[in-house]
Amino acid sequence: MSLARALAGLPDDPALAQTLRDVLLLFRRHASDWLTETDVQTKTGGDPGHVRRLLPLLTKAFVLDFDSESDRYRYRGDIALNYEIDTFVRRVEYHRSHVQTNVARFRERYGS
């Protein structure tokens, strides 16, 4: 199981990273629950294309389990995977906060 393995196949896209953050947090909150792609899309509110792209990638990297009969996904993480997820979530939140701060500074200096 490795989130780093899944991240290696993704482009550097802040919107995609935000969707991945939301998906990972959703599955951690619903550990051992089987969720469909539609469930994930509805509960995260993420871009459908991003969700459709991320779920198989997370399955290939052994972050999520996939039941092909019911087309559902499940998270049964371990301590190391939880640590990777926490690190990723903090990085995405730091980046978002940094961008928001820079935008606020720009607006303060130059106006809207």
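**Exercise 1.** Which helices each supply at least two residues of the lining of the largest pocket? Characterise this pocket in the predicted model.

*Solution.* Step 1: the helices in question are H2 (14-29) and H5 (79-110). Step 2: the space in the largest pocket amounts to about 360 Å³. Its lining comprises 15 residues, and those closest to the centre are Asp12, Asp13, Pro14, Ala17 and Val92. Step 3: sorted by class, the lining residues are nine nonpolar, two polar and four charged.

**Exercise 2.** Determine how many residues the largest nonpolar core has, and identify the elements that supply it.

*Solution.* Step 1: the largest nonpolar core has 25 residues, and Leu3, Phe27 and Leu58 are those with the most contacts inside it. Step 2: at least two residues of this core come from each of helix H1 (3-7), H2, helix H4 (48-60) and H5. Step 3: H2 provides the largest share, six residues. Step 4: consider Phe27 in turn. Leaving aside residues up to four places away in sequence, Phe27 touches Leu35, Val40, Leu55, Leu64, Tyr73, Arg74 and Tyr75.

**Exercise 3.** Assess the confidence of the prediction along the protein chain.

*Solution.* Step 1: the mean pLDDT of the chain is 89, with 96% of its residues at 70 or more. Step 2: strand E3 (residues 72-74) has the highest confidence, at a mean of 97, whereas H5 has the lowest, at 83. Step 3: a general caution applies in such an assessment. Predicted coordinates should not be read in detail where pLDDT is low.

Conventions. Residues numbered from 1 in each chain as written. Predicted model: local features only at pLDDT ≥ 70, side-chain atom pairs only at ≥ 80, totals over all residues. Heavy atoms only, no water. 1 Å grid on protein atoms, 1.4 Å probe; cavity = no way out; pocket = protein on both sides within 12 Å on 5 of 7 lines; lining within 4 Å. Points joined across faces, edges and corners; volume = space filled by probe spheres on them. Helix = DSSP H or I, 4+ residues; strand = E, 2+ residues; numbered from the N terminus. Nonpolar A, V, L, I, M, F, W, Y, C, P; charged D, E, K, R; others polar. pLDDT = per-residue confidence, 0-100. Core = buried A, V, L, I, M, F, W, Y, C linked by side-chain atoms within 4.5 Å. Buried < 20%, exposed > 50% of the residue type's maximum accessible area, 1.4 Å probe, protein only. Contact = heavy atoms within 4.5 Å.
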